[in-house]
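Got the viewer open? Let's take a walk through this fold, one selection at a time.

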Amino acid sequence: MSPPTRVAVVGGGSWGTTLADLLSRQGADVILWAREPEVVESINREHLNTLFLPDAPLAPGLRATGDLAAAVRDATVIVSAAPSHAVREVMTQAAPAFAGHPLVVSVSKGLEPTKLEPLSTVLEEVLGGGARVAVLSGPSFAQEVYQRQPTAVVVAAHDHEVAQEAQRVFSSPRFRVYTHTDVIGVELGGALKNVIALAAGILEGLGLGNNPRAALITRGLAEITRLGVALGADPLTFAGLAGMGDLILTATGALSRNRTLGFALGQGKSLAEAQAGKRSVAEGVNTARAAVALGARQGVELPIASEVSAILFEGKAPRQAITDLMERAHKAEQWG
């Protein structure tokens, strides 16, 4: 009988904790690194992440540590689950302790805000050219995955054998994992849907209905696809789990942090007021500004992301943003 897979989950937020619990219950030897001492203590003492995943008893075998090097040492699988803006810093610190060439699976959804890079690129830069990097994305609220509700996601890697390895690690009867080789498409779908979800929440906060939401989701997907194609992605990727699937979930689901934040903005709160007291990160905030900058660099128009960024960072009134979107120059519908 082979020994259990040794997994290190780097990041103790709700998603990292949920995946750590999932893998531990599947028989892996899992240790979770968290920056917050209270998370480490509550997992080791009470088998709970009281800060980010309350009222969710965790697998008895799951352990936590605040020592990053100890967490990743000897791990054969490393799950990168830090917020997007912290991935480079955290994984740069972790890399010297890696043993051999572990499989590194990025599960964060965002873009690096300074270099405007997808997180797989950040990991490849930090870990070196020989790194075996995959990205996991798709429609997957942490709470529902924890509850073992049937969920389907996609894992992508440039090397299909690496994607298949990650598929074997994560797959369970209630967590179905498909493989893909379009890494940039899968990552962009997972990152940019958060921006459209912010916009969907803003519409709801303004009291608007189903017509504008349907238009927003559809044109939002077209916007994501345009940027993805400019960066070399397959347009068909955005019709799949990491594109349309994740966008629909995040723009309409009650558990969406980005939609919830957008709702507060639509009701008239400032960004600071909407974020007050929140420990979990709404990735769409940083991604909105990064997406606009990336679109400008690629010569791709992103009207929805631009208006969301203006609401977030320039104090633009949401109703004026909608007016400006609706009164843009008439054109043919274009997809991609």
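What follows is a short tour of a predicted model, going from the strands to a pair of helices.

**Stop 1: strand E4.** Select residues 77-80, which form strand E4. Color the residues by face: Val-77 and Val-79 sit on one side, Ile-78 and Ser-80 on the other, and all of them are buried. So both faces of E4 are covered. In a regular strand, side chains alternate between the two faces of the sheet.

**Stop 2: the neighbors of E4.** Now add residues 6-10, strand E1, which pairs with E4 in the parallel sense over four bridges. To find your place, look for Val-7, which stands opposite Val-77 in E4. Then add strand E5: E4 and E5 also pair in the parallel sense, again over four bridges. Which residue of E5 is the bridge partner of Val-77? Click Leu-103 and you have the partner.

**Stop 3: strand E5.** Keep residues 103-106 selected and show the side chains. Leu-103 and Val-105 are on one side of E5, with Val-104 and Ser-106 on the other. Are these residues buried or exposed? All four named here are buried, and both faces of E5 are covered.

**Stop 4: on to E6.** Extend the selection to residues 132-137, strand E6, which pairs with E5 in the parallel sense over four bridges. Use Ser-106 as a marker, since its bridge partner in E6 is Val-135.

**Stop 5: the crossovers.** Turn on the helices between these strands. Helix H4, residues 87-94, joins E4 and E5 in a right-handed β-α-β unit. Helix H5, residues 119-127, does likewise with E5 and E6, making a right-handed β-α-β unit.

**Stop 6: H8 against H13.** Hide the strands and select residues 183-205 (H8) and 284-298 (H13). The axes of these helices come within 8 Å and cross at roughly 105 degrees, which means that H8 is roughly perpendicular to H13. From H8, show Ala-191, Leu-192, Asn-194, Val-195 and Leu-198; from H13, show Gly-284, Val-285, Thr-287, Ala-288 and Ala-291. Those residues make the contact. Color them by class and you get seven nonpolar, three polar and no charged residues.

Notes. Residues are numbered from 1 along each chain as its sequence is written. This is a predicted model: local features need pLDDT of at least 70, side-chain atom pairs count only at pLDDT 80 or more; totals for chains, interfaces and linings use all residues. Side-chain values use heavy atoms; hydrogens and water are left out. Buried means under 20% relative accessible area, exposed over 50%, partly exposed in between (1.4 Å probe, protein chains only). Helices (H or I, at least four residues) and strands (E, at least two) are DSSP runs, numbered from the N terminus. Two strands pair if DSSP finds at least two bridges between them. A crossover is right-handed if, with the strands pointing away from the viewer, the path from the first strand over the helix to the second runs clockwise. Axes are lines fitted to C-alpha atoms, for helices over the stretch in contact, and angles run from 0 to 180 degrees between N-to-C directions. Angles under 35 degrees count as roughly parallel, over 145 as roughly antiparallel, 65 to 115 as roughly perpendicular and the rest as oblique. Contact means heavy atoms within 4.5 Å. Ala, Val, Leu, Ile, Met, Phe, Trp, Tyr, Cys and Pro count as nonpolar, Asp, Glu, Lys and Arg as charged, and the others, Gly among them, as polar.
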